[in-house]
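Me: I have a model open and want the reasoning behind its labels. Can we take them one at a time?

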Amino acid sequence: MGLKLACRVLLIYPRFVSETFWNFAEACELMGARYPAAPLGLITVAAMLPPHWEVRLVDRNTEDLTEADLAWADMIMTGGMLPQQADTLALIELCRRNDRPVVVGGPDATSSPHIYKQADFRVLGEAEGVLSDFVAAWDAGKRDGTFTAPKFQVDVTKSPMPRFDLLNLEYYLYIGVQYSRGCPFTCEFCDIIELYGRLPRTKTTLQILAELDRLYALGYRGHVDFVDDNLIGNKKALKQFLPKLKEWQQEHDYPFEFSTEASVNLADDDELLHMMRDANFFALFIGIESPDPETLVAMSKKQNTRRNLVESIGKIYQAGMFVTAGFIVGFDSEKTDVGDSIAHFIDLSAIPVAMVGLLYALPNTRLTRRLAKEGRLHANHDIAATTGGDQCTTGLNFDTLRPLGAVLEDYKRVLDTIYQPAAYAARLQRLAPLLDRSGSPRSVPTGDLRGRVGAMELVHRIVSALPETREPFWRVFTSCARENPNATRIIVGLMAMYLHLGPFSRRVIAEIDRRIAATPLLSPGQSYQGPHFSF
Ligand code: SF4
């Protein structure tokens, strides 16, 4: 038998840009967490490494990286998404200065490997399809190279159980699990279908339940997020899985409540909505993008057309789940009233948390290829040092068809309208009676540490931190507690999110104002390309 060489691997999850829509720093603080989401990709990679290798994890969003950490490691593995690009590059540089071999992977390196030339190794694509080749090369003494997985080939039924034991579970608002990869739709701006394909691949029921067993055994209780980009991409498989998930929840007395992303056609399927409610799903992210049918057709988001979107969202509320939605400003086909129409739609559909961003041409998407062909893509459009990698402040990395100043004004108008305290509270007020939690199994998952702070105490802390919310938030709270008490906990959770969203939107507006001030002399077809905004 050959000698098995041990290796000490330090997994480092890079920091996201200093402030994003999703970091919810103030809400994390209120709930006693350090960051919303845990690094599921890296702990999945950790599970694929040889068992005789030692593995440690440092998440730079929750803890410091020390010299001792680096000194311990024989190899560093890192990588993440576009908003982590700047920190990933800084880490690569740090490793090289400290003479530590560094391996980079993940979606941004896969989409833009040329940006990560300085890493010793690039492991690109889905790790299951290529990591063993890298390990074999390392064991054979190779000390640089690029390893690329064949596209869309990975059989996720063979994916290992993520190493949840590497996480400090208390650091996070929620823990992710992944059921499927890929999405059947064709949205022009989307990189998911380029990275994972259009044929959703699903794990087996036994796999996912084993992952939940593991989290349960580690003592975790509370919010679990299915990180799938579209959980309902393969409805047939999902309908076989969800009843088993419900049974698992019943047997364990509902330790978890779930959130996920789904396409809006979920609203057409009552059976599926009820199955999700019965398994204790409570929140969904849905990409609405635009209320304008012409714009939706132009971006190939046809699943959002030929339907009353407000009614579709209402049906999801009736199934006990609230909706967080994504909207985008900057499409070619937009009308001049786009700012008002998006703000009006958000109000009408009572969506409290709306992620409104500027269109961002992501690497390797149909949108980017079209813009490149039309000569409209900015130089360095994929380098986060130039673009910032956060679409709230630095999207539009291409020449817009309308004058850039007008697009930015529309964007600003949406944020300025929807994140006024009174407007946010009005949406909560309208949502509270619509959210039918009567059939939902559990309001607070059994044993959830974060569920122990009472709702009234939370409201008190929120309005103390943001006095402008005092009157409208207490009004919403008292009427919800009186008329739909089962929804109170969710409504208070959404108030907590405003602790981040209110101040964050004001800072974004200030940045957009600076960007507008730099653009008035530009005409259509010319766009302002910098500087890199950071808070
Ligand atoms: S529905 Fe979502 S994941 Fe699917 S292609 Fe469109 S944007 Fe991408």
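**Labels and their reasons**

Reply: Start with Asp99, in the loop between helix H4 (85–97) and strand S5 (102–105). Keep in mind that this is a predicted model.

Me: Why is Asp99 called exposed?

Reply: Exposed means over 50% relative accessible area. Asp99 has 65% relative accessibility, so Asp99 counts as exposed.

Me: What makes the phi of Asp99 worth a remark?

Reply: Most residues other than glycine have a negative phi. Asp99 is not a glycine, yet its phi is positive, about 60°.

Me: Which label fits Leu396, buried or exposed?

Reply: Leu396 sits in the loop between helix H16 (391–394) and helix H17 (404–418). Buried means under 20%. Leu396 has 1% relative accessibility, so Leu396 counts as buried. Leu396 also has a positive phi of about 60°, although it is not a glycine.

Me: How do you know that strands S11 and S12 pair?

Reply: Pairing takes at least two bridges. Strand S11 (residues 222–226) and strand S12 (residues 256–261) are joined by four, so they pair. They run parallel. Gly222 stands opposite Phe256 in S12.

Me: What makes S2 and S15 edge strands?

Reply: The open sheet has seven strands, in the order S2-S8-S11-S12-S13-S14-S15, with parallel pairing. Strand S2 (35–37) and strand S15 (354–358) each have a single partner strand, so one side of each lacks a neighbour in the sheet. On average, neighbouring strands of this sheet are turned by 20° against each other, direction ignored.

Me: Where does H17 lie?

Reply: H17 lies across strand S14 (322–329) and S15, at about 165° to S15.

Notes
Residues are numbered from 1 along each chain as its sequence is written. This is a predicted model: local features need pLDDT of at least 70, side-chain atom pairs count only at pLDDT 80 or more; totals for chains, interfaces and linings use all residues. Side-chain values use heavy atoms; hydrogens and water are left out. Helices (H or I, at least four residues) and strands (E, at least two) are DSSP runs, numbered from the N terminus. Buried means under 20% relative accessible area, exposed over 50%, partly exposed in between (1.4 Å probe, protein chains only). Axes are lines fitted to C-alpha atoms, for helices over the stretch in contact, and angles run from 0 to 180 degrees between N-to-C directions. Contact means heavy atoms within 4.5 Å.
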